[in-house]
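Subject: Handover of a structure and findings

Dear colleague,

I am handing over to you the structure shown below. Please look through it first; a written account of what was found follows.

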Protein chains: 2
Amino acid sequence: MKELMDKITKSGHVLGEEVLKVDSFITHQIDPELMEKIGTRFSEVFSEAGITKVVTIESSGIAPALFAARKLQVPMVFARKSKSLTMDEELLTSSVYSFTKQVTSKISISRKFLNEKDNVLIIDDFLANGQAAKGLIELCQQAGANVDGIGIVIEKSFQEGRHLLEEMGIKVVSLARVTSLENGAVHFDQADA
Amino acid sequence: MKELMDKITKSGHVLGEEVLKVDSFITHQIDPELMEKIGTRFSEVFSEAGITKVVTIESSGIAPALFAARKLQVPMVFARKSKSLTMDEELLTSSVYSFTKQVTSKISISRKFLNEKDNVLIIDDFLANGQAAKGLIELCQQAGANVDGIGIVIEKSFQEGRHLLEEMGIKVVSLARVTSLENGAVHFDQADA
């Protein structure tokens with residue numbers, strides 16, 4: 001997605017060789033117009049897939065997932081990283097290790113919001129080591145739901161995530177594929193959409 | 001907002017006299033179409049206010065804030081409840097006590113995303129004791145920004161939040177005002193919009 005890659009080049013910040021900071025338009029401050037275009041692009045790619053639900057994880061995945069779900073005219077569910085007092089019913093749970101935060105989180109979705117009739121599109125803002133996506137896939141599998149594919153806003157192609165997910169047989173659609181952050185610059189491969 | 005109140009009556013769950021659970025369309029699973037209408041309503045109420053930024057707090061505030069910001073054509077910023085490793089710059093911070101989770105959280109926004117020229121619309125999903133809203137107001141004040149008003153999806157009018165905020169001189173616009181959850185039923189006052 002050219003507009004996204006241009007925005008990353010213009011407004012992203014490279015912090016070392018592994019961290020790309022996009023907090024001015026994706027992960028902290030959000031550009032709603034760009035985000036709507038991102039959601040729309042995902043909806044176009046998966047328009048014929050018969051998606052019944054979009055699933056993401058709080059917090060940065062919510063915005064792109066919400067616009068994708070709006071365009072696909074299906075509900076969106078976001079996994080929570082900690083159990084709240086009012087989530088008292090049966091939960092689907094899995095564990096996710098974050099290399100950024102260096103902690104393992106339990107993530108969960110209420111069982112009542114995913115079932116074996118669902119055909120799920122998972123959306124997330126970043127794909128790096130694939131741990132969050134893997135955790136979300138596990139939640140869907142616990143519910144007996146099918147994961148039709150994964151839509152990623154920014155893929156760090158120099159990390160293991162895509163390989164891990166493709167080995168699981170999951171279709172990965174990334175709107176920006178970053179091949180390297182060497183010398184303080186963002187280098188892209190051709191995007192999937 | 002009649003459509004919202006009808007949805008709460010139909011799909012909300014009353015848990016005791018203080019807890020209204022709306023996890024099937026607002027706080028966990030999200031109905032994107034209804035959420036877009038909610039964001040649009042906020043944008044209509046504040047269309048003449050010269051809003052420069054919509055501010056909310058993760059995670060349930062993100063969806064209504066995002067659609068409001070989209071319609072107002074301004075950026076949205078969400079406060080984070082914990083510091084991530086890549087939020088290394090100067091932060092605006094305040095403390096929020098959650099009666100639901102019985103914990104005090106530090107919330108923060110990067111200073112670079114709020115300044116004294118900003119005229120802010122704060123959006124949140126619930127107003128109960130007003131602690132989250134108060135924390136967000138404090139972040140705006142630290143930045144020297146003006147808070148033009150607060151848009152709330154569901155106000156629990158039998159709790160202290162609105163009173164607290166109005167005493168601070170803040171305009172509160174709630175799309176559903178719940179006066180009581182007695183006898184397992186949701187009772188509404190007239191909404192602000």
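Helices and strands are DSSP runs, with at least four residues for a helix and at least two for a strand, numbered from the N terminus. In these terms, Val74(B) is located in the loop that joins H3 to strand E5 (76-79) of chain B. Please note that this is a predicted model.

**Two loop residues of chain B**

Is Val74(B) buried or exposed? Its relative accessible area is 8%, and buried means under 20%, so Val74(B) is buried. Beyond residues up to four places away in sequence, Val74(B) touches Pro32(A), as well as Ile51(B), Thr52(B), Lys53(B), Val54(B) and Ala69(B). From Val74(B) to Ala145(B) there are 71 residues in sequence, and the C-alpha atoms are 15 Å apart in space.

Another loop of chain B, between strand E6 (91-98) and strand E7 (103-110), holds Phe99(B). Phe99(B) has a relative accessible area of 48% and is therefore partly exposed. Not counting residues up to four places away in sequence, Phe99(B) touches Asn129(B) and Gln131(B). Phe99(B) and Asn115(B) are separated by 16 residues in sequence and by 30 Å between their C-alpha atoms.

**Helix packing in chain B**

Two packed helices are described by the angle between their axes and the distance between the axes. Helix H2 (residues 32-45) and helix H3 (residues 62-72) of chain B pack at about 55°, and their axes are 7 Å apart. At that angle, H2(B) is oblique to H3(B). The two helices, H2(B) and H3(B), make a right-handed crossing. On the side of H2(B), the residues that meet H3(B) are Pro32(B), Met35(B), Glu36(B), Ile38(B), Gly39(B), Thr40(B), Phe42(B) and Ser43(B). Their partners in H3(B) are Ala63(B), Pro64(B), Phe67(B), Ala68(B), Lys71(B) and Leu72(B). By class, the residues of this contact of H2(B) with H3(B) are nine nonpolar, three polar and two charged.

H2(B) also packs with helix H1 (residues 2-11) of chain B, at an angle of about 140° and with the axes 10 Å apart. This angle makes H1(B) oblique to H2(B). The crossing of H1(B) with H2(B) is left-handed. Glu3(B), Leu4(B) and Lys7(B) of H1(B) make the contact with Leu34(B), Lys37(B) and Ile38(B) of H2(B). The contact of H1(B) with H2(B) has three nonpolar and three charged residues, and no polar ones.

**A covered helix and a buried glutamate in chain A**

How many residues of helix H3 (residues 62-72) of chain A are buried? Nine of its eleven residues are, and the helix is mostly covered. The buried residues of H3(A) are Ile62(A), Ala63(A), Pro64(A), Ala65(A), Leu66(A), Phe67(A), Ala68(A), Ala69(A) and Leu72(A). Gln73(A), which follows H3(A), has a positive phi near 60°.

Glu155(A) belongs to strand E9 (residues 146-156) of chain A. Its relative accessibility is 1%, so Glu155(A) counts as buried. The side chain of Glu155(A) forms a polar contact of 2.8 Å with the side chain of Ser157(A), and one of 2.8 Å with the side chain of Arg162(A). Apart from neighbours within four places in sequence, Glu155(A) is in contact with several residues, including Leu127(A), Val172(A), Ser174(A) and Asp192(A).

Yours sincerely

Conventions. Residues numbered from 1 in each chain as written. Chains lettered and ligands numbered in written order. Predicted model: local features only at pLDDT ≥ 70, side-chain atom pairs only at ≥ 80, totals over all residues. Heavy atoms only, no water. Buried < 20%, exposed > 50% of the residue type's maximum accessible area, 1.4 Å probe, protein only. Polar contact = N/O pair within 3.5 Å; in protein donor to acceptor, adjacent residues only side chain to side chain. Contact = heavy atoms within 4.5 Å. Axes fitted to C-alpha atoms, helices over the stretch in contact; angles between N-to-C directions. Parallel < 35°, antiparallel > 145°, perpendicular 65-115°, else oblique. Left-handed = near helix turned anticlockwise from the far one by under 90°. Nonpolar A, V, L, I, M, F, W, Y, C, P; charged D, E, K, R; others polar.
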